[in-house]
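Work through the exercises below with the sequence and the model at hand. Each task is followed by a solution in steps.

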Amino acid sequence: MSTTPTLQAPPAPAAYGRGITHELAEVLERLETVRKVDRSPASDEERLAWIEQIRAVQRRADALTAVLIAEADEANSAMKARHTHLSDWLARSGQETPRQAAGALWTGRELERRPQVRDATTSGRITVQQAKAIGDALNALPSGLDAGQRRRAEDLILAEAEHTP
């Protein structure tokens with residue numbers, strides 16, 4: 001009998017289309033389970049741990065939302081599928097103003113322009129708000145910097161953001 005722990009292979013990337021839809025449906029189902037479970041016997045430490053976990057979920061969901069919006073914008077999906085602009089389609093629910101929808105579209109575009117910042121955001125290492133601030137800081141750099149200096153500045157700002165609000 002072996003005492004070496006077995007390593008599980010990481011999950012395969014979700015397939016396009018139906019696979020991603022299924023994965024997101026599972027996330028929603030699990031959130032609904034958490035919402036309905038009796039949490040009254042929980043300890044204080046458990047409650048605090050849950051808050052940390054759900055905030056991490058929220059950060060990653062916000063970032064993935066921005067990336068998916070940018071991808072749909074790039075593909076012109078709303079116009080092709082619904083014959084409307086993406087920002088109008090985003091605002092259709094009435095839960096977001098057209099201005100908020102346009103802001104979400106802009107955030108997604110900015111994340112797509114900076115893959116390193118996008119990856120840090122979608123992995124939950126930084127928030128979407130931090131990514132916006134990083135973008136603003138990088139856009140404000142002197143125009144005389146070369147590409148290497150800009151990359152180094154991005155690296156430094158990103159490293160600092162991972163442990164700074």
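The exercises go from the overall fold to one helix, then to pockets, backbone angles and single residues.

The model is predicted, so local features need pLDDT of at least 70 and side-chain atom pairs count only at pLDDT 80 or more, while totals for chains, interfaces and linings use all residues. Residues are numbered from 1 along each chain as its sequence is written, and side-chain values use heavy atoms, with hydrogens and water left out.

**Exercise 1. Overall fold**

Task: State how many helices and strands the protein chain has, and describe its burial, contacts and surface.

Solution.
Step 1. Helices (H or I, at least four residues) and strands (E, at least two) are DSSP runs, numbered from the N terminus. The protein chain has eight helices and zero strands, in the order α-α-α-α-α-α-α-α from the N terminus.
Step 2. Buried means under 20% relative accessible area, exposed over 50%, and partly exposed in between (1.4 Å probe, protein chains only). Of the 165 residues in the protein chain, 22% are buried.
Step 3. A contact means heavy atoms within 4.5 Å. Taking the contacts between residues at least 6 apart in sequence, 47% join residues at least 24 apart.
Step 4. Accessible areas come from the Shrake-Rupley method with a 1.4 Å probe, and for residues only the protein chains shown count as cover. The protein chain exposes about 12600 Å², of which carbon and sulfur atoms supply 56%.

**Exercise 2. The buried face of helix 6**

Task: Find which residues of helix 6 are buried and what covers them.

Solution.
Step 1. Helix 6 spans residues 115-122, and Val-117, Arg-118, Ala-120 and Thr-121 are buried in it.
Step 2. Viewed down the axis of helix 6, these buried residues fall within an arc of 165°, so they line one face of the helix. The arc is that of the directions from the helix axis to the C-beta atoms.
Step 3. The cover over the buried residues of helix 6 includes helix 2 (44-75), helix 5 (98-113), helix 7 (128-139) and helix 8 (147-161).
Step 4. Just after helix 6, Gly-124 has a positive phi of about 85°.

**Exercise 3. Two pockets**

Task: Describe the volume and lining of the largest pocket and of the second largest pocket.

Solution.
Step 1. On a 1 Å grid over the protein atoms alone, a pocket is an open set of points where a 1.4 Å probe fits, with protein on both sides within 12 Å along at least five of seven lines; lining residues have an atom within 4 Å of a point. Grid points are joined across faces, edges and corners, and a volume is the space filled by probe spheres set on the points.
Step 2. The largest pocket holds about 1400 Å³ of space. Its lining has 35 residues, and Leu-24, Val-27, Arg-60, Ala-61 and Leu-64 lie nearest its centre.
Step 3. Two or more lining residues of the largest pocket come from each of helix 1 (18-36), helix 2, helix 3 (77-82) and helix 4 (86-91). Helix 2 gives the most, with 15 residues.
Step 4. Ala, Val, Leu, Ile, Met, Phe, Trp, Tyr, Cys and Pro count as nonpolar, Asp, Glu, Lys and Arg as charged, and the others, Gly among them, as polar. On this division, the lining of the largest pocket has 23 nonpolar, four polar and eight charged residues.
Step 5. The second largest pocket has a volume of about 340 Å³. It is lined by 15 residues, with Asp-62, Thr-65, Ile-69, Glu-96 and Ala-104 the closest to its centre.
Step 6. Helix 2, helix 5 and helix 7 each give two or more residues to the lining of the second largest pocket. That lining divides into five nonpolar, seven polar and three charged residues.

**Exercise 4. Positive phi outside glycine**

Task: Locate Asn-76 and His-83, and give the phi of each.

Solution.
Step 1. Most residues other than glycine have a negative phi.
Step 2. Asn-76, in the loop between helix 2 and helix 3, has a positive phi near 60°. Asn-76 is partly exposed, at 41% relative accessibility.
Step 3. His-83, in the loop between helix 3 and helix 4, has a positive phi of about 60°. His-83 is exposed, with a relative accessible area of 67%.

**Exercise 5. Two residues of helix 7**

Task: Are Gln-130 and Asp-136 buried or exposed?

Solution.
Step 1. Gln-130 lies in helix 7 and counts as buried because its relative accessibility is 14%.
Step 2. Leaving aside neighbours within four places in sequence, Gln-130 is in contact with Ala-161, Thr-164 and Pro-165.
Step 3. Asp-136 also lies in helix 7, but counts as exposed at 54% relative accessibility.
Step 4. The C-alpha atoms of Asp-136 and Glu-110 are separated by 9.8 Å, with the two residues 26 apart along the chain.
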